[in-house]
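Reader: Hi, I have a structure open and I'd like to go through it with you piece by piece. Could you help me read it?
Author: Gladly; let us put it up here and start from whatever you ask.

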Amino acid sequence: MTEKTDLVKMIASGIAQLKRSYSSGTGRFLDEKGQWTLTNQDFIWPLAWFFACRYPDNPFYRSKEILNAVQKGGDAIASSQDKDGRTEFLKADGSAWGKIYMPWTMFHWLEAFRVCQPFLEEKRKERWKKGLLAAYSGISRELKTDPIHNISAWKAMSLYQAGKVFSHSGWKKLGGDFMRKVAGEVQPDGFWPEGSGPTVSYNTIYLHALGLYYFMSRDDSVLSALDKATEFHRRFLYPDGSLVETIDGRVKYREEVLSIGWPGLLTEGKGQGLISFLLKCLKRKPPGKIVLPYLTSALDIWPESFSLAEPVFQEEKTWREVYRGKACLRKKGDFFVCLSGYALNAQQQQTNAESRWLMDRSCFVSVWHRSCGLIISADNSKNQPDWANFSFWQGASRGFSPVKARVFSEDKKDRLILDFGGPSCQIAVAFPRPDRVELTFSVEKFSHLKQIRVAVPLRLGEREQVIIGQSRFKVSQLTEQRLNLKTGEYLKTKNWQISSQLPAWFFWPVYPFNPYALSGLALPEQVRAFLVFNLTANQPVNPITLKMHSAVQSDNQK
């Protein structure tokens, strides 16, 4: 099978690189900075599979070097456990988040144990078994009171597999019962809600766990949920295979090909066709080390037959859809645009405000182009009105998250109307020519307001040269830029330029809140520039035009 061979070669290439980060003295896998976290040990799973499983393009089959790394890597996990089987949740930045039964690592350790058990020395085998049994005993206790969540879904799938490996019928029943509850919680749109809305990134965890559970159990009752989730993920991908962040209420954009969730996609033809597309994307942009264990799980349950009959929307020249009445998606030549209609009512916003993990839904339009990827981003932040597409003062407080949203799509234009519980704003997207897209921001109803601020996040690359009028600079996070964009002037980069009918301001850098760092500090790739302007009763409408330079257009678009 061509697809399976391609995947084997990709993971094998990743393993060859992975070996350079392995410390033979400690059995630990280190990151590029020499830092260690427990989840780095997840890499023993791809190593174990490639050692134990014969395949024509597997260069590591029965490699003593690989087996040694698996053995020491598993020992490092066992050494990190306390007497109850828990481990300290450490992150690469040195922060400690308490002791837990790390579900991801325990599962990948379990899988390594499953395929390499015949090759482990008896003493090591007993040590691993003791550590795994302690961990899964703790996971089983937690799962009895856990709510439906991406972590608990993973724990339940993993517990079911532990029940099979260790012949524990109670664990299989508990895990299976929970996974059927997970399947029952999927929304008609195909996502599992976190914070009362979709999170595309974490949805892949549910998809991955439920898919693995299906292949472990052949429980047909979960197939309907997998089909809905597959339909969801077929839409919310950019044409380079990266996840559409526009509707995500938790995670910001990552320039990575979707590599988690494949077991769920493998269950039927539409998903298999999408995986074939994702494999093409991975050939252009090889997978990072972190996803190797997840890709290995897909490889482990790869079906004998593979269907490529279903079309992939991202490969169409032209495609548009209003998905479930909640989002406008349009592929137009080299452009891909998404408008999000997922908004939260006041009660949902208040509930989400109590969690550091749930972002405010305040950015609603993204624009991607074949030549350079994401240009206008829709990452969400938290308690940060200046990050929002629309914001305004209401006495001493700022409004910036709408309570309702409606999306519309016509032949040549898509529209989004946002209701802020009084004020009403609109974003319209049109494609006047193949090399440009026009975004029109407007206020439909000011209510009692005199002015509404509009902010458009722009994704720039490090050292990228930017020209605004007579000013030019190279992007650096060490240098702040506050520049005026006058009417008739352009904001230019190597690949594109933007003009604004109204005077605007350019700000760089602007940092969002990052919940995954204790300090909240954003990662370098999360930093954005912003184009900002004001709308008033006298000037309630402002179109901005994004034009690609002719050199970056496809031949059929020139």
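Reader: Where is Pro-509 found?
Author: Pro-509 is found in strand 22, which covers residues 504–510, where strands (E, at least two residues) and helices (H or I, at least four) are DSSP runs numbered from the N terminus. Before going on, please note that this is a predicted model, in which local features need pLDDT of at least 70 and side-chain atom pairs count only at pLDDT 80 or more, while totals for chains, interfaces and linings use all residues. Residues are numbered from 1 along each chain as its sequence is written, and side-chain values use heavy atoms, with hydrogens and water left out.

Reader: OK, and what is the peptide bond from Trp-508 to Pro-509, cis or trans?
Author: The bond from Trp-508 to Pro-509 is cis, and its omega is near -10°.

Reader: Switching to hairpins: how do strand 12 and strand 13 run?
Author: Strand 12 (residues 404–409) and strand 13 (residues 413–419) run antiparallel and are joined by six bridges, where two strands count as paired if DSSP finds at least two bridges between them. They form a hairpin with three residues between them, and Lys-404 stands opposite Asp-419 of strand 13.

Reader: And which residue does Asp-419 stand opposite in strand 14?
Author: In strand 14, Asp-419 stands opposite Ser-424. Strand 13 pairs with strand 14 (residues 424–433) in the antiparallel sense over seven bridges, and these two form a hairpin with four residues between them, in whose turn Gly-421 has a positive phi of about 75°.

Reader: What about strand 3 and strand 4, how many bridges do they pair over?
Author: Strand 3 (residues 87–90) and strand 4 (residues 96–100) pair over three bridges, in the antiparallel sense, and Glu-88 has Lys-99 in strand 4 as its bridge partner. Five residues lie between the two strands of this hairpin, and Gly-94 in the turn has a positive phi of about 90°.

Reader: What is phi of Arg-62, which is a residue other than glycine?
Author: Phi of Arg-62 is near 60°, a positive value, and Arg-62 is found in the loop between helix 2 (44–52) and helix 3 (64–80). Arg-324 likewise has a positive phi, near 55°, and its place is in the loop between strand 5 (318–323) and strand 6 (327–332).

Reader: How accessible are those two arginines?
Author: Arg-62 counts as partly exposed at 36% relative accessibility, and Arg-324 is partly exposed at 48%. In these terms, buried means under 20% relative accessible area, exposed means over 50%, and partly exposed lies in between, with a 1.4 Å probe and protein chains only.

Reader: Now helices. At what angle do helix 9 and helix 11 pack?
Author: Helix 9 (residues 223–235) and helix 11 (residues 269–284) pack at about 35°, with their axes 9 Å apart; axes are lines fitted to C-alpha atoms over the stretch in contact, and angles run from 0 to 180 degrees between N-to-C directions. On the helix 9 side, Asp-227, Thr-230, Glu-231, His-233 and Arg-234 meet Lys-270, Gly-271 and Leu-274 of helix 11, contact meaning heavy atoms within 4.5 Å.

Reader: Is Arg-284 in helix 11 buried or exposed?
Author: Arg-284, whose place is in helix 11, is exposed, with a relative accessible area of 59%. Its C-alpha atom and that of Asp-240, which is 44 residues apart from it along the chain, are separated by 8.8 Å.

Reader: Why is helix 12 said to be largely enclosed?
Author: Helix 12 (residues 292–300) is largely enclosed by the rest of the structure because eight of its nine residues are buried, and among these are Leu-292, Tyr-294 and Leu-299. The buried residues pack against several helices, including helix 1 (2–18), helix 4 (103–116) and helix 8 (200–217).

Reader: Last topic: how many disulfides are there?
Author: The count comes to zero disulfides, a disulfide being a pair of cysteine sulfur atoms within 2.5 Å. Cys-116 is in none, and the nearest cysteine sulfur, that of Cys-53, is 8.2 Å away.

Reader: Why does Cys-338 have no bond with Cys-328?
Author: Cys-338 has no such bond because its sulfur is 8.2 Å from the closest cysteine sulfur, in Cys-328, which is too far. Cys-338 also counts as buried, at 0% relative accessibility.
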